[in-house]
Amino acid sequence: MKYIGLILLAVLAVIVLLLLIAVLHTLLMPSKTSTYVADEPEEEALALAQKLSKMIQYDTTSYANVAEVEKFLGFHKVLEELFPLVHEKLEKTEIDGNLLFYWKGKSSEKPILLMSHQDVVPAEGEWVHAPFSGDIAEGKVWGRGASDTKASVMAFFQAVEELLSEGFVPPTDVYLASSCTEEWGGDGAPKIVAELQRRGIELFLVCDEGGAIITEPIGGIHGNFAMVGVFEKGKADVKFTAKSTGGHASAPGKHTPIARLAAFVNEIETRSPFKKKLLPEVAAMFRTLSGYASSFGLRLLLGNLWLFSPLLKAVLPAVSAQAGAMLKTTIAFTTQSGSDAYNVIPQEATLGANMRFIPHQGEQESLTVIQKLA
């Protein structure tokens with residue numbers, strides 16, 4: 001018992017020492033404040049907002065396995081009207097509604113590509129501002145695609161338009177790419193890739209839609225921050241089916257299809273089966289944000305991941321769904337169907353889910369985990 005007591009004291013002493021080191025490190029951390037605000041003059045900001053508004057007003061909704069090339073050719077006319085120099089000075093290639101522009105630079109070594117998609121998902125539910133109104137109100141541009149992701153399409157076209165007006169020649173070749181099937185994982189981007197391969201282009205850098213400038217990315221960290229994405233999750237839509245002999249609802253048996261699916265959903269949502277890991281890129285983001293934390297406790301937690309990463313992995317999903325999704329594969333249950341009548345037990349019930357695969361537990365491993373549970 002004496003030795004056990006000594007061991008416990010030694011462990012306690014180590015814990016206290018580690019906590020003291022973390023506290024001291026936090027006290028020595030410089031406190032930072034995010035002061036960034038967009039600095040465009042009001043007149044210029046309104047002109048940019050009006051361009052984005054016009055892009056939103058043109059409905060570019062895309063549907064799985066539905067080719068609507070003419071719709072996107074119409075949208076291209078809007079782009080040509082808004083960005084005339086881009087269309088005059090750059091070499092344009094249109095591939096079934098997908099766009100590729102080539103801006104010749106001083107060198108062809110290490111070419112870069114700026115990429116964002118034209119299409120948007122269907123506009124469902126109730127909207128305060130109509131989804132394709134492009135309303136400018138409350139300091140914002142409203143509508144489907146305002147953030148996902150006509151804003152970034154507008155941004156790189158506008159940047160090139162302004163640079164062309166100044167006679168700027170980029171130091172290396174620049175490509176602008178925009179697919180029209182991104183929202184359902186169609187063949188738009190692969191067609192652009194095939195065209196680049198046909199030309200023998202090996203890109204040095206690709207900038208995709210990435211993150212955004214977010215206000216208060218984590219509760220307790222105030223200000224505006226540019227969230228730079230350096231890895232991307234994979235995606236799959238998964239359908240689960242439960243079958244039975246059916247029957248009348250007046251005499252229900254046990255383990256009916258919907259009950260089994262419900263138990264499955266509850267199991268996943270109650271105890272996530274996916275591995276949580278604080279990737280180096282995510283850890284770097286938290287360390288950077290730690291100096292901006294308004295409370296000492298949050299600075300202590302985020303600024304000393306060498307000690308608190310296990311705790312952070314445990315609490316983050318409960319604190320922030322966005323932050324929690326950076327740690328693991330996620331699954332969201334989104335659709336369901338069963339009987340067409342209230343008094344009929346279905347012979348078959350289905351459940352739809354959207355999965356996003358984290359790099360450390362990719363598609364095959366994540367699907368195997370969920371399949372075993374199903």
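Why are Glu-195 and Arg-198 separated by about one helical turn? The two residues are three apart in helix α6, and therefore about one helical turn lies between them. Helices here are DSSP runs of H or I with at least four residues, strands are runs of E with at least two, and both are numbered from the N terminus.

The model is a predicted one, in which local features need pLDDT of at least 70 and side-chain atom pairs count only at pLDDT 80 or more, whereas totals for chains, interfaces and linings use all residues. Residues are numbered from 1 along each chain as its sequence is written, and side-chain values use heavy atoms, with hydrogens and water left out.

## Overall architecture

The chain contains twelve helices and 14 strands. Its C-alpha trace spans about 85 × 70 × 45 Å along the principal axes. Of the 374 residues, 37% are buried. Buried denotes under 20% relative accessible area, exposed over 50%, and partly exposed the range in between (1.4 Å probe, protein chains only).

Two residue pairs illustrate separations in sequence and in space. Val-193 belongs to helix α6 (residues 188-198) and is partly exposed, because its relative accessible area is 42%. From Val-193 to Gly-338 the C-alpha to C-alpha distance is 41 Å, with their positions 145 residues apart in sequence. Leu-301 is placed in helix α9 (residues 296-303) and is buried, its relative accessible area being 16%. Leu-301 and Phe-357 are 56 residues apart in sequence, and their C-alpha atoms are 26 Å apart.

## Salt bridges

Side chains of opposite charge can pair when their charged atoms come close. A salt bridge is counted where a side-chain nitrogen of Lys or Arg lies within 4 Å of a carboxyl oxygen of Asp or Glu. The whole structure holds eleven salt bridges, including those tabulated here.

| Residue | Partner | Closest N and O atoms |
|---|---|---|
| Lys-71 | Glu-68 | 3.2 Å |
| Lys-191 | Asp-187 | 3.4 Å |
| Glu-195 | Arg-198 | 2.8 Å |

The partners vary in accessibility. Lys-71 counts as buried at 18% relative accessibility, whereas Glu-68, at 28%, counts as partly exposed. Lys-191 is partly exposed at 27%, and Asp-187 is partly exposed with a relative accessible area of 39%. In the pair within α6, Arg-198 counts as exposed at 62% relative accessibility, while Glu-195 counts as buried at 13%. Salt bridges that share partners join Glu-91, Glu-195, Arg-198 and Arg-199 into one network.

## Surface patch and pocket

Tyr-3, Leu-6, Leu-9, Leu-12, Val-16 and Leu-20 make a nonpolar surface patch of about 650 Å². Patches consist of residues with over 30% relative accessible area and no salt bridge, like charges being joined within 9 Å and nonpolar side chains (Val, Leu, Ile, Met, Phe, Trp, Tyr) within 5 Å. Areas come from the Shrake-Rupley method with a 1.4 Å probe, and for residues only the protein chains shown count as cover. Leu-20 of this patch lies in helix α1 (residues 2-28) and counts as exposed, because its relative accessibility is 52%.

The second largest pocket holds about 150 Å³ of space. On a 1 Å grid over the protein atoms alone, a pocket is an open set of points with protein on both sides within 12 Å along at least five of seven lines, and lining residues have an atom within 4 Å of a point. Its lining is formed by Ile-268, Glu-269, Ser-272, Phe-274, Lys-328, Thr-329, Thr-330, Ile-331 and Phe-333. Helix α7 (257-270) and strand β12 (330-337) each supply at least two of these residues, and β12 gives the largest share, three residues. By class, the lining comprises four nonpolar, three polar and two charged residues.

## Backbone geometry

Most residues other than glycine have a negative phi, and most peptide bonds are trans. A cis peptide bond joins Asp-148 and Thr-149, with omega about -5°; Thr-149 is in the loop between β5 (140-141) and α5 (150-165). Asn-65 has a positive phi near 60°. This residue is in the loop between α2 (42-57) and α3 (69-82) and counts as exposed at 70% relative accessibility. His-255, likewise not a glycine, has a positive phi of about 60°. His-255 occupies the loop between β11 (247-248) and α7 and is exposed, with a relative accessible area of 61%.

Key. 1 Å grid on protein atoms, 1.4 Å probe; cavity = no way out; pocket = protein on both sides within 12 Å on 5 of 7 lines; lining within 4 Å. Points joined across faces, edges and corners; volume = space filled by probe spheres on them. Nonpolar A, V, L, I, M, F, W, Y, C, P; charged D, E, K, R; others polar.
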